Amino acid sequence: MAVRSPLINVMANAAGKAGRGLVRDFGEVEQLQVSMKGPADFVSTADLKAEKTLRAELSKARPGFGFLMEESGASEGADKSHRWVVDPLDGTTNFLHGIPHFAVSIAVERDGEAIAGVVFNPINNEMFSAERGKGAFLNDRRLRVSARRRMAEAVFATGMPFLGHGDPETFLAEMAELVPNVAGIRRFGAAALDLAFVAAGRYDGFWEAGLNPWDVGAGIVLVQEAGGYVSEFGGRGNPLSGASILAANSHLHLLLGRALRSAHGAKRAAPVA
């Protein structure tokens with residue numbers, strides 16, 4: 001059985017408390033589907049309630065840490081080196097539509113680098129956790145990224161442009177490059193869980209652009225501690241920025257990165273009609 005460090009215990013306890021509140025609220029969402037305005041307002045309230053719970057629990061345990069939170073933004077603490085990077089409800093659209101695939105994501109950042117994280121899926125009671133140098137775990141089971149080496153055997157996850165977010169042309173170029181050459185591509189709508197699934201070997205890799213630090217902070221540590229590689233699309237840069245992220249085992253990271261760069265190059269080279 002894995003022995004959790006005090007830091008992971010703090011994060012897991014906070015995520016568990018917030019997650020239980022989200023599950024209770026999720027049970028009410030279906031009743032609100034008859035109203036156009038009701039569900040969105042309700043989900044916004046659920047999100048803010050979860051964030052309030054997380055701030056209270058994390059502040060109590062580490063009062064000097066700063067915060068970077070999706071809803072309330074950045075706030076500096078007395079400890080200038082450490083801050084919590086928190087998404088109280090990753091997969092908001094899923095939650096809004098009654099789709100049971102969402103998570104609480106908490107990372108600890110030290111001097112700009114993510115050093116620990118938890119991603120909690122409260123519907124399935126799956127607590128993914130990792131700390132730098134100590135491995136990645138799902139509940140008490142040690143995680144490893146998948147060992148697949150061939151694109152034709154690989155299932156990847158990604159995000160998809162929607163309603164003014166993202167670049168549809170680039171996405172279509174990526175699909176044209178990848179779809180004929182891979183076993184499958186999934187879009188489940190919660191980046192923190194996508195990265196946790198890469199760490200668990202459920203997906204062989206994940207890529208997306210235009211995310212935020214709270215979307216990816218915990219997942220970066222999970223994938224790295226499960227033996228995977230995480231970078232921006234170009235293979236360099238800090239993926240914690242959220243500008244772009246590419247995560248896979250060492251072999252598929254190279255191949256997926258090459259395919260994405262080829263797609264982006266083809267898009268730039270396409271003639272203007």
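**A sheet, its cores and its rings**

In this predicted model, helix α1, made of residues 6-29, lies across the strands β3, β4, β5 and β6, and the helix runs at about 35° to β5. Those strands belong to an open sheet of eight strands with mixed pairing, and if you follow the sheet from one side to the other you meet the strands in the order β2-β1-β3-β4-β5-β6-β7-β8. At the edges stand β2 (73-75) and β8 (141-142), each of which has a single partner strand, so one side of each is left without a neighbour in the sheet. Within the sheet, β3 and β4 run antiparallel and are joined by seven bridges, and V85 stands opposite A107 in β4.

We can turn next to the nonpolar residues. In soluble globular proteins, nonpolar side chains tend to be buried together. The largest nonpolar core here has 39 residues, and the members that touch the most other members are V119, F128, L143, F206, L222, V223 and I245. Two or more residues of this core come from each of several elements, including the strands β4 (103-110), β5 (113-121) and β6 (126-131) and the helices α5 (191-199) and α6 (213-225). Helix α5 gives the most to this core, with eight residues. A second, separate core holds 32 residues, among them V86, F102, I115 and V118.

F128 is a useful residue to look at by itself. Leaving aside its neighbours within four places in sequence, F128 is in contact with residues including G117, V119, F137, L143, L193, F197, R202 and L222. F128 is also part of a cluster in which ring pairs link it with F188, F197 and Y203. One member of that cluster, F197, has the charged end of R202 sitting over its ring, 4.7 Å from the centre. Elsewhere, R55 lies over the face of F67, at 4.5 Å from the ring centre.

How many aromatic pairs does a search of the whole structure find? The search finds seven, and one of the pairs found in this model brings together F65 and W84, whose ring centres are 5.1 Å apart and whose planes are at 45°, so the pair is tilted. F65 lies in the loop between α2 (38-61) and β1 (66-69), whereas W84 lies in strand β3 (residues 82-90), so the pair ties together parts that are 19 residues apart in sequence. Are these two residues buried or exposed? F65 counts as buried because its relative accessibility is 12%, and W84 counts as buried at 0%, where the cut-off for buried is under 20%.

Technical notes. Residues numbered from 1 in each chain as written. Predicted model: local features only at pLDDT ≥ 70, side-chain atom pairs only at ≥ 80, totals over all residues. Heavy atoms only, no water. Core = buried A, V, L, I, M, F, W, Y, C linked by side-chain atoms within 4.5 Å. Buried < 20%, exposed > 50% of the residue type's maximum accessible area, 1.4 Å probe, protein only. Helix = DSSP H or I, 4+ residues; strand = E, 2+ residues; numbered from the N terminus. Contact = heavy atoms within 4.5 Å. Phe/Tyr/Trp six-rings, centres within 6.5 Å; stacked < 30°, edge-to-face > 60°. Lys NZ or Arg CZ within 6 Å of the ring centre and 35° of its normal. Pairing = 2+ DSSP bridges. Axes fitted to C-alpha atoms, helices over the stretch in contact; angles between N-to-C directions.
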